[in-house]
Amino acid sequence: MVGHGIRNRGMAIAAGIMLALIASSAQAQYINDPSMVEARGKKERAAQEAWVMLPPKMKICMDQALAMSQMSFATAIKQKLPPYDPRFATQMSRCQRLAGRDLQVNFPCTIEENGRPVDTMCDEVYAQLGGRQPVPLTYQQYVGADLHARKVDIIEMESPPARDARLGGQRPYR
């Protein structure tokens, strides 16, 4: 009787192994099925095209937002995730807010120099305030600061060409 139980267990194990082999073979055929490979390739290409089609400011912002989650465009594409995937909704919303405002350039303004008002032309710039002078930021720096919850202001500054024209190439002493 004891030998009979061992034989039944051995047959059950052999049957289990056979079923596992059949299942893995079917899965391998499914994975290697040309239509499945093509479908995966199409999804990956579609994700890549969606990332490529983002406006430049959105790409800059999403690149930094993904990096904060230890991701990149490449990993999102490899996972077949387009930018409009619900998992990126928070980042996309924030980036749309950041990228949505275009800064004004070359508009008339009045600045103060040596205690006197001076009419000139200004540009809006991203800047961090705090020291004696505001520190202008590039869009990429602005996005990074905002994503890391650092305060960034939009201020008016005299445009470099207007300053050069007004001063005639001479820089005042500081």
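**A quick tour: one proline and some rings**

Start by selecting Pro55, which sits in the loop between helix H2 (34-52) and helix H3 (56-68). Keep in mind that you're looking at a predicted model. Is Pro55 buried, exposed or partly exposed? It's partly exposed, with a relative accessible area of 46%, because that value falls between the 20% cut-off for buried and the 50% cut-off for exposed.

Now add Ala99 to your selection. Pro55 and Ala99 are 44 residues apart in sequence, and in space their C-alpha atoms are 9.0 Å apart.

Next up are the rings. How many aromatic pairs does the structure hold? There are five. Pick Trp51 and Phe88 for a look at one: the ring centres are 5.6 Å apart. The planes meet at 70 degrees, so this pair counts as edge-to-face. Trace the chain from one partner to the other and you'll see that the pair links distant parts of it, 37 residues apart. Trp51 belongs to helix H2, while Phe88 is in the loop between helix H4 (73-78) and helix H5 (89-99). Trp51 and Phe88 are both buried.

For another kind of arrangement, select Tyr126 and Tyr142. These two rings are stacked, with 3.8 Å from centre to centre and 10 degrees between the planes. Tyr126 is in strand S2 (residues 116-128) and Tyr142 is in helix H6 (residues 139-147), so the pair ties together parts that are 16 residues apart in sequence. Both of these tyrosines, Tyr126 and Tyr142, are buried.

Last stop: go back to Trp51 and Phe88, and add Phe73. Ring pairs link Trp51, Phe73 and Phe88 into a cluster.

Technical notes
Residues numbered from 1 in each chain as written. Predicted model: local features only at pLDDT ≥ 70, side-chain atom pairs only at ≥ 80, totals over all residues. Heavy atoms only, no water. Helix = DSSP H or I, 4+ residues; strand = E, 2+ residues; numbered from the N terminus. Buried < 20%, exposed > 50% of the residue type's maximum accessible area, 1.4 Å probe, protein only. Phe/Tyr/Trp six-rings, centres within 6.5 Å; stacked < 30°, edge-to-face > 60°.
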